[in-house]
Amino acid sequence: MTIYKNLIAGEWVGLDATKNINPSDTNEVVGLYADGTTEDTKNAIAAAKAAFPAWSRSGIWERHVILKKAGDEIMARKDELGALLAREEGKTLPEAIGETIRASQIFEFFAGEALRLAGEVIPSVRPNIGVEITRDPLGVIGIITPWNFPIAIPAWKIAPALCYGNTVVFKPAELVPGCSWAIVDILHRAGLPKGVLNLVMGKGSVVGQAMLDSPDVTGITFTGSTGTGRRVAAASIEHNRKFQLEMGGKNPMVVLDDADLTVAVEAAANSGFFSTGQRCTASSRLIVTEGIHDKFVAALTEKLQALVVDNAMKPGTHIGPVVDERQLKTDTDYIEIGRKEGAKLAFGGELITRETPGFYLQPTLFTEATNQMRISREEIFGPVVSVIRVKDYEEALATANDTPFGLSAGIATTSLKHATHFKRNSEAGMVMVNLPTAGVDFHVPFGGRKGSSYGPREQGKYAAEFYTSVKTAYTLA
Ligand code: NDP
């Protein structure tokens, strides 16, 4: 089998490899991907550092053309890349193609942003002095990504990093290197100069750690778990380096008595269970007022009964497998914890066998949960959702905000008053009215508050906040 190698200083390198396994069919090896070392990472950082002066001064047209070319190729290959994504991560083929299209759109967006770089010219408070405010690239950006969006998250970090003139060392999650390799290959062939984008696949504890330890990495953008995020933060403060963290969530969706039942059930089923509940924006707490509670639980349970859990590549599958054995164990451990805490298992909770061997788990719904139970406070990151019954809107809002996280929050209601109040008073970074908490646009800011995020927002024009450093220049006229 071919080994997909790391890209360091414009050369494909690496002899040792790790198997990329299909979670829908554990007999299938998706590919062999290089296992980077500390030395590889150091070489990649050195290459990115050496490439920075020229790339940071490169013309914006050159950056535009490369990013546009990459976006076009990803779109042209959406079915093939979508299939690769579904095979390595386990989300259904339509979801995976959708994510691939989104990656293409992100490159298109930042191809445009490259042509819209601007500063400000402002009069000084002192006479005969002009002030210019410009944005400079940061330098070498370390990009560390999780396994749950194998193409979109790399795209929304790599595209702005390059757009604003930075060079990159990119480490994808070990479980899903395939899509990352593909987009780095696409960008390399699109004409990026040597060393501008370096790919080092391998273990977080080796490659990721070497990035954290390097004084030459000027900024780190990280998406992943809260635990690893804290390590990134601590190491970055040590090196006086800019960093951005997107971490976990325990996103609430409030369902009020006056909600349109169909809208509420669709939104809850989608954001709780699609992509196997493995989205940082998934709703894992459904906070439901008394008057609609029983109707809502009955309708949602009926909906869950109709959802097909099977091989991600199979037509008709609604929910693919859990990503790997370790995550499956986390999910089943939490199901056990929920039972012991006294929540009622209203649906699911069991492992399922399918034609191909994989990590299949029924969508799982707990009712009679409280917001103090561990299943309501800790991120599970699987298709496991709890319903919390509350008296009224005020209690629903207080419960929604009573969490260490603050990524996304939703409300299902036909009341303008409550929708407006919720948008203003939710403590989450993103608020959805009559929509799933997951599913966001690519051209507007993405990010959370409290324990979910740290640093500037990602995506859209707000991405410039992280990937650039502001300079204020004064000139005597
Ligand atoms: P992890 O934190 O385990 O891993 C994230 C990345 O960090 C991986 O590339 C991992 O490498 C790497 N890493 C691990 N250890 C280190 C280290 N010591 N130094 C540097 N890098 C390291 O998260 P998961 O991949 O398990 O992703 C799931 C988590 O991500 C969930 O908690 C989820 O909520 C969160 N997430 C948040 C999002 C958001 O935007 N808020 C979006 C998507 C996910 P390796 O794979 O080799 O271990």
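This is a short chat about how the two domains of a predicted model meet.

Visitor: What should I know about the model first?
Guide: It is a predicted model, in which local features need pLDDT of at least 70 and side-chain atom pairs count only at pLDDT 80 or more, while totals for chains, interfaces and linings use all residues. Residues are numbered from 1 along each chain as its sequence is written, and side-chain values use heavy atoms, with hydrogens and water left out.

Visitor: Where do the domains run?
Guide: Domain 1 covers 3-247 + 452-476 and domain 2 covers 251-433, with bounds that come from an automatic or database domain assignment. Their C-alpha centres lie 31 Å apart, and the contact (heavy atoms within 4.5 Å) takes 24 residues from domain 1 and 27 residues from domain 2.

Visitor: How much area is buried there?
Guide: About 2000 Å² is buried between domain 1 and domain 2, with carbon and sulfur atoms giving 59% of that; buried area is the accessible area (1.4 Å probe) that two parts lose on being put together, summed over both.

Visitor: Which three residues supply the most on the domain 1 side?
Guide: Ser24, Trp147 and Ser452 supply 26% of the area that domain 1 buries against domain 2, more than any other three residues.

Visitor: And how many salt bridges cross the interface?
Guide: The rule, a side-chain nitrogen of Lys or Arg within 4 Å of a carboxyl oxygen of Asp or Glu, finds zero salt bridges between domain 1 and domain 2.

Visitor: Switching topic, what size of box does the chain fill?
Guide: The C-alpha atoms of the protein chain fill a box of roughly 70 × 65 × 40 Å, taken along the principal axes.
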